[in-house]
Amino acid sequence: MGGHRGDIQMAILAAVIANSQRTKGRMLTPADFLPSWEGKRKLTPEELFAKAMAANTALGGRVRADN
């Protein structure tokens with residue numbers, strides 16, 4: 001599985017599981033679980049690094065400056 005086809009396959013599976021557990025409300029469709037990839041800009045290397053550092057800090061990591 002991969003790419004757009006994999007997204008669709010997993011959305012179908014997610015909809016089936018979610019609908020099997022719901023008690024009220026509208027029935028969910030695979031479209032409710034499909035990611036929206038259009039319109040998202042690519043992050044710059046600096047932005048990616050900042051996000052990695054934030055995740056590292058949030059998880060209690062430390063940055064070693066001796067490298």
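Is glycine 25 buried or exposed? Glycine 25 counts as exposed, because its relative accessibility is 58% and the cut-off for exposed is over 50%. The model you are looking at is predicted, so here is a short tour of what its atoms show, from the overall fold down to single side chains.

**Overall shape**
- The protein chain has two helices and zero strands.
- With a radius of gyration of 19 Å, well over the 11 Å that the globule rule gives for 67 residues, the protein chain is more spread out than a compact globule.
- Measuring along the principal axes is handy here too: the C-alpha trace spans about 55 × 25 × 20 Å.

**Surface and charge**
- Of the 67 residues in the protein chain, 6% are buried.
- About 6100 Å² of the protein chain is exposed, and 61% of that area comes from carbon and sulfur atoms.
- On the charge side, the protein chain carries 10 positive and 6 negative side chains.
- The centres of these two sets of charges lie 8 Å apart.

**The loop around glycine 25**
- To find glycine 25, look in the loop between helix 1 (3-21) and helix 2 (45-58).
- Glutamine 9 makes a useful reference point: in sequence, glycine 25 is 16 residues away from glutamine 9.
- In space, the C-alpha atoms of glycine 25 and glutamine 9 are 23 Å apart.

**Salt bridges**
- Side chains of opposite charge can pair when their charged atoms come close.
- How many salt bridges does a search of the whole structure find? The search finds two.
- One of them joins the side chains of arginine 26 and aspartate 32, with an N to O distance of 2.9 Å; this pair counts because the distance is within 4 Å.
- Arginine 26 is exposed, at a relative accessible area of 54%, whereas aspartate 32 is partly exposed, at 36%.
- Another salt bridge links the side chains of glutamate 47 and arginine 41, at 2.7 Å from N to O.
- In this pair, arginine 41 counts as exposed because its relative accessibility is 55%, and the cut-off is over 50%.
- Its partner, glutamate 47, has a relative accessible area of 27% and is partly exposed, since that value falls between the 20% and 50% limits.

Technical notes: Residues are numbered from 1 along each chain as its sequence is written. This is a predicted model: local features need pLDDT of at least 70, side-chain atom pairs count only at pLDDT 80 or more; totals for chains, interfaces and linings use all residues. Side-chain values use heavy atoms; hydrogens and water are left out. Helices (H or I, at least four residues) and strands (E, at least two) are DSSP runs, numbered from the N terminus. The radius of gyration is taken over C-alpha atoms; the globule rule is 2.2 Å times the number of residues to the power 0.38. Buried means under 20% relative accessible area, exposed over 50%, partly exposed in between (1.4 Å probe, protein chains only). Accessible areas come from the Shrake-Rupley method with a 1.4 Å probe; for residues, only the protein chains shown count as cover. Lys and Arg count as positive and Asp and Glu as negative; His and the chain ends are not counted. The place of a charge is taken as NZ of Lys, CZ of Arg, CG of Asp or CD of Glu.
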